[in-house]
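Hi,

Here is the structure I promised to pass on. My notes follow below it.

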Amino acid sequence: MATQVWVPQATIPRRSWGKKVFSLLPSRSQSVSLHPTNNRRSIKCSYSTPDMTTDSSSVPIDVYADVKTEKIVVLGGSGFVGSAICKAAVSRGIEVVSLSRSGRPSYTDSWVEQVSWVKGDVFYARWDEVLGGATAVVSTLGGFGNEEQMKRINGEANIISVNAAKDFGVPKFILISVHDYNLPSFILNSGYFTGKRQAESELLSKYTNSGVVLRPGFIYGKRKVDGYEIPLDIVGEPLERVLAATASFTRPLKSLPGSDLLLAPPVSVDDVAYAVVNAVSDDDFFGVFTIEQIKEAAAKVRS
Ligand SMILES: NC(=O)c1ccc[n+]([C@@H]2O[C@H](COP(=O)([O-])OP(=O)(O)OC[C@H]3O[C@@H](n4cnc5c(N)ncnc54)[C@H](OP(=O)(O)O)[C@@H]3O)[C@@H](O)[C@H]2O)c1
């Protein structure tokens, strides 16, 4: 006769949902089914105690555990940072939807096939078609232009998105913002930075216990532009190493206005993406994160 043992979620450390459950339980006779409404997988697994033989007289014990699954909506998944986030997320088994005006990228890659690409402008988005079932929204919306354009894309676009996510009950929102570079206030008053800070404060007021603001400096990696690849890592990677090695000597200079333009360490686009993946799966990860903290969060996922 089969005995059923229910493993309550509370006994599983939140950060290790998924991974640990699978390793705790034998891989033999494991079956997984997705609960359609609450993004939780029900795992059933049968096993025998060590002294049991595998003949038909063994008494199997069925173990059931709930494992949380994630579905994220990446605003700007076709961009430089957004595509790295989509790639890292699908590699960790996270369901990914991207929303951007250009939709699906023109290049092919296996991870591209695993993302649902939605074409649309956040200012006119049909949110009900995009946000259904999402456990987190990740916004990479931002950019340069004239004052008005920068306020609109860095500020308004993100504020609209935060409110849409909140209205649709999405439990988590992650914003890619920017480091302030210790810049003088007349530069920080530009549309780029004021837009970013307005978006941050909207997010943190609406998502008090789950909003995530990542503030990277220069992000390096391979940026795709019109079919060409710009290898920003040629500069970024060695610069990151040099700045890390000289950090103790340069620390006193950090109080000088604008010094971070030279001294703030670059961060790889993969680290930003892994920090996002960490934020998606760790309910205790919320608030504002500096460049160093982004790297620390990324290391947890990389290892
Ligand atoms: N790159 C860096 O070094 C760096 C450093 C610090 C912070 N950041 C921040 O990181 C974020 C991402 O930067 P990035 O370099 O990846 O920028 P990006 O390559 O220009 O990506 C921006 C993405 O947003 C989408 N987008 C723009 N306007 C939109 C709209 N109205 N509706 C829907 N989608 C829209 C773009 O796609 P479509 O144009 O097709 O819509 C694109 O996919 C930005 O917020 C930036 O400020 C970047």
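Thr-135 counts as partly exposed because it has 19 C-beta neighbours inside 10 Å; the scale calls a residue buried with 20 or more other C-beta atoms within 10 Å of its own, exposed with 12 or fewer, and partly exposed in between, with C-beta atoms placed from the backbone. You'll find Thr-135 in the loop between helix H4 (127-131) and strand S8 (136-139). Its C-alpha is 9.9 Å from that of Ala-165, 30 residues apart along the chain.

Keep in mind that this is a predicted model: local features need pLDDT of at least 70, side-chain atom pairs count only at pLDDT 80 or more, and totals for chains, interfaces and linings use all residues. Numbering starts from 1 along each chain as its sequence is written. Helices (H or I, at least four residues) and strands (E, at least two) are DSSP runs, numbered from the N terminus.

Now the ligand. It is surrounded by 25 residues, counted when the C-beta atom, placed from the backbone, lies within 6 Å. The closest are Gly-76, Gly-79, Arg-101, Ser-102 and Gly-142. Helix H2 (80-91), strand S6 (95-100) and helix H5 (147-167) each supply at least two residues of the shell, and H2 gives the most, with three.

Then there's helix H7 (residues 191-206): 16 residues, reaching 22 Å from first C-alpha to last, close to the 22 Å expected at 1.5 Å a residue (1.5 Å times one less than the number of residues). Its buried residues include Tyr-192, Phe-193 and Leu-203.

Cheers
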